[in-house]
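Colleague: I'd like to learn how to read a helical model feature by feature. Could you walk me through one?

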Amino acid sequence: MLKKFEPKEFFETAAFLQEKASRGDDGYLRSSISRYYYAALICARDRVNLSSYGLSGHKTVVDFFSEQARKNTDESSVYKTVGDNLAALKKLREKADYETN
């Protein structure tokens, strides 16, 4: 049985892979980008008690932060930063995972 997973383990794995990538292996770099994205996504998701499962799960999390940013509350700038960073990381992850050139 798997133990409870902590998102920081994705971050630690990403850092390890990034260090390996510094030796010139593109596969390590691509994998580290993916792990960084999932670390950020899961931390953000868990912080606001959302689900990221299903076809639109990731979009649901990013959209939540964008919607909260538009509410003009004291926390709006934090929500905007998180949402913008998640969206940017998602684009990088998709490029790393799917583009081979």
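Modeller: Let's go from the overall layout to the helices, the core, the aromatic pairs and the loops. This is a predicted model, in which local features need pLDDT of at least 70 and side-chain atom pairs count only at pLDDT 80 or more, while totals for chains, interfaces and linings use all residues. Residues are numbered from 1 along each chain as its sequence is written, and side-chain values use heavy atoms, with hydrogens and water left out.

Colleague: Where do I start: what is the pattern of secondary structure along the sequence?

Modeller: Start with the DSSP runs: helices are H or I runs of at least four residues, strands are E runs of at least two, and both are numbered from the N terminus. Here the protein chain has 4 helices and 0 strands, giving the pattern α-α-α-α. The C-alpha trace spans about 45 × 40 × 25 Å along its principal axes.

Colleague: And what share of the residues of the protein chain count as buried?

Modeller: Buried means under 20% relative accessible area, exposed means over 50%, and partly exposed is in between (1.4 Å probe, protein chains only). Of the 101 residues of the protein chain, 27% count as buried. You can also look at contacts, meaning heavy atoms within 4.5 Å. Among those between residues at least 6 apart in sequence, 43% join residues at least 24 apart.

Colleague: Take α1, then. Which of its residues are buried?

Modeller: Check the length before the faces: the expected span of a helix is 1.5 Å times one less than its number of residues. Helix α1 covers residues 8-21, and its 14 residues reach 20 Å from first C-alpha to last, close to the 20 Å expected. Its buried residues are Phe10, Ala14, Leu17 and Ala21. Seen down the axis, they fall within an arc of 70 degrees, so they line one face of the helix; the arc is taken from the directions from the helix axis to the C-beta atoms. Those buried residues pack against α2, whereas Lys8, Phe16 and Glu19 on the other side of α1 are exposed.

Colleague: What do the buried residues of α4 pack against?

Modeller: They pack against α2 and α3. The buried residues in α4 are Ser76, Gly83, Leu86, Arg93 and Ala96. With 23 residues, α4 reaches 33 Å between its end C-alphas, close to the 33 Å expected.

Colleague: Which residues make up the largest nonpolar core?

Modeller: A nonpolar core is a set of buried Ala, Val, Leu, Ile, Met, Phe, Trp, Tyr and Cys residues joined through side-chain atoms within 4.5 Å. The largest one here has 7 residues: Tyr37, Leu41, Ala44, Val61, Val62, Phe65 and Leu86. Both α2 (26-47) and α3 (57-69) supply at least two residues of this core. Click on Val61: leaving out residues up to four places away in sequence, Val61 touches Leu41, Ala44, Arg45, Leu50, Ser51, Ser52 and Leu86.

Colleague: There's an arginine in that list. Is Arg45 buried or exposed?

Modeller: Arg45, in helix α2, counts as buried because its relative accessibility is 14%. For its charged end, look for polar contacts: pairs of N or O atoms within 3.5 Å, where within protein one must be able to donate a hydrogen and the other to accept it, and residues adjacent in sequence count only if both atoms are side-chain atoms. The Arg45 side chain makes one with the side chain of Asp46, at 2.9 Å.

Colleague: How many aromatic pairs are there?

Modeller: Rings of Phe, Tyr and Trp (its six-membered ring) pair if their centres lie within 6.5 Å; planes under 30 degrees apart count as stacked, over 60 as edge-to-face and the rest as tilted. The whole structure has 7 aromatic pairs. Phe64 and Tyr79 are edge-to-face, at 6.2 Å centre to centre and 80 degrees between the planes. Phe64 lies in α3 and Tyr79 in α4, so this pair ties together parts 15 residues apart in sequence. Phe65 and Tyr79 form a tilted pair, at 5.6 Å and 45 degrees. Elsewhere, Phe5, Phe10, Tyr37 and Tyr38 form one aromatic cluster.

Colleague: Last one: what is the phi of Asn49 near?

Modeller: Most residues other than glycine have a negative phi. Asn49 has a positive phi near 55 degrees and lies in the loop between α2 and α3. Asn72 also has a positive phi, about 55 degrees, and is in the loop between α3 and α4. Asn49 is exposed, with a relative accessible area of 70%, and Asn72 counts as exposed at 70%.
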